[in-house]
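Colleague: I am new to this structure and would be grateful for guidance on how to read its features. May we begin with a single side chain?

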Amino acid sequence: MHEKARGLGGIGRERQAEIYLGGVRGRKPAVPVAAGLLEERARAAMSQRGFAYVAGGAGLEKTIDANRAAFEQWRIVPRVLHDVAERRSGIELFGQQLDSPFLLAPIGVLEAVHRDADLAVARAAAAEGVPMIFSNQASVAMEECARAMGDAPRWFQLYWSTSNELVASFVRRAEACGCGAIVVTLDTTLFGWRPRDLDLAFLPFALGKGIAQYTSDPVFDRLVGEEKDMPAGSRGRITVTAVLSLIELARRYPGSFLSNLVSSRPRAAVRLFLEIYSRPSLRWDDLSFLRDLTSLPILLKGVLDPDDARAAVEHGVDGVIVSNHGGRQVDGAIASLDALPAIVGAVGREIPILLDSGIRGGADAFKALALGASAVLIGRPYAYGLGIAGEQGAREVIRNFRAEFDLTMGLAGCSSTSEITPSMVTRAD
Ligand SMILES: Cc1cc2nc3c(=O)[nH]c(=O)nc-3n(C[C@H](O)[C@H](O)[C@H](O)COP(=O)(O)O)c2cc1C
């Protein structure tokens, strides 16, 4: 190959060319590249409740701040005169080759962000070859998203219900949908104290939002049939808002709008969901139920302590996701990046360790990989892209992350992700 032509490829150069050549023709990207601006534009584009739900965190939101502060405490130490003309920014995870170290974090209730919700994200993820982790609280059933993705990689995230029968049904459906792994989220056995949602008195699930995995499930359907015949409890005053909520619920629930309006079924489904969606009594021993159920890799999400990571390995788990749920659960919790090194020290040689919470660009991903993560999850930023410009917006966000990661790698002197070692970063203080 002619020397000049080397190094012109790579997603980083490609994305820069798309944007800058677009500029020559008077076109700007559909969503801001800068993380702060992206959030600002999303706030303007989304409903007040939708934005509060996505952006908000627990309590004083100190964990959200800590997540960012943790990334800022690390600095990349670039190396020079390494041939980086060709870069391999992909990774291997559970035997699968991926083009980048990114996955999409499971984000529930995407209908509060954009009407195309999970379906738009599924298409964007598939186009970029970045695995989407279907949320247990999705707005679109996993089967529909899987259909939209062709052969592109996807995983399923599970909230462990009080009904093991329902858990088994979700896992079976995920297998049938071609999901490559099951992610069990453990930091949400109770819902965090979230002032932004509390002040708006907004719980999306109470309006039937974000329960599509349930309303499309045969086991849940049967349980709703049993619930429907139970007394509904106190009825409360009929207000305009209550009637509007009922209409919204009838519109969203599977089946015809008119029959949903007169049926008690949609309300019974919401009631049942609120009763059974999570199991705070879950213990380590319960994991054997899931282990027996599936041969897919199982990852635990929400691990922040090295002893928990060790216990995960001892219980036959295949990976952990170091995460504090984007600061939405425990205010004042340890930043996930701060928790990473000890967890890598404890189990890093045995299982892949993924990380999320605070990843806002490709350089953050580089730091996480340098500290021992195998891959990272993009969270709020893709939801903001979706809120601003639907599928195109989500896709551009993913593409920008991939591009920045590729360029950061090259500029730091790494031609492959295996070269991103601890010596590539240093503490700022
Ligand atoms: C609006 C919203 C909904 C979420 N829903 C889920 C969910 O259904 N399941 C889950 O495991 N995590 C959920 N998460 C947590 C994300 O998977 C991820 O851990 C978090 O967004 C990472 O933080 P970051 O977005 O600040 O980077 C949600 C996060 C947000 C912002």
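Colleague: Which backbone oxygen lies 2.6 Å from a polar atom of the side chain of Thr-408?

Modeller: A polar contact is a pair of N or O atoms within 3.5 Å; within protein, one must be able to donate a hydrogen and the other to accept it, and residues adjacent in sequence count only if both atoms are side-chain atoms. Here the partner of the Thr-408 side chain is the backbone oxygen of Glu-404, at 2.6 Å. Please note that this is a predicted model, in which local features need pLDDT of at least 70 and side-chain atom pairs count only at pLDDT 80 or more, while totals for chains, interfaces and linings use all residues. Residues are numbered from 1 along each chain as its sequence is written, and side-chain values use heavy atoms, with hydrogens and water left out.

Colleague: Is Thr-408 buried or exposed?

Modeller: Buried means under 20% relative accessible area, exposed over 50%, and partly exposed in between (1.4 Å probe, protein chains only). Thr-408 counts as buried because its relative accessibility is 14%.

Colleague: Where does Thr-408 lie, and with which residues is it in contact, leaving aside neighbours within four places in sequence?

Modeller: Helices (H or I, at least four residues) and strands (E, at least two) are DSSP runs, numbered from the N terminus. Thr-408 belongs to helix H18, residues 380–411. Contact means heavy atoms within 4.5 Å; beyond those neighbours, Thr-408 touches Ile-76, Gly-362, Ala-363 and Phe-366.

Colleague: Which residues of helix H4 are buried, and why do they sit on the same side?

Modeller: An α-helix has 3.6 residues a turn, so residues three or four places apart point the same way. In H4 (residues 62–72), the buried residues are Thr-63, Asn-67, Ala-70 and Phe-71. They share one side of H4 because they cover an arc of only 100° around the axis, the arc being that of the directions from the helix axis to the C-beta atoms. Their cover includes strand E1 (74–76), helix H16 (336–347), strand E10 (353–355) and helix H17 (362–370).

Colleague: How many residues surround the ligand?

Modeller: A residue is near a molecule if one of its heavy atoms lies within 4 Å of it. There are 23 around the ligand, the closest being Ser-135, Thr-185, Asp-356, Arg-360 and Arg-380. A polar side-chain atom of Arg-380 is 2.6 Å from a ligand oxygen atom. The ligand taken alone exposes 600 Å², and the protein buries 98% of that; such accessible areas come from the Shrake-Rupley method with a 1.4 Å probe, and for residues only the protein chains shown count as cover.
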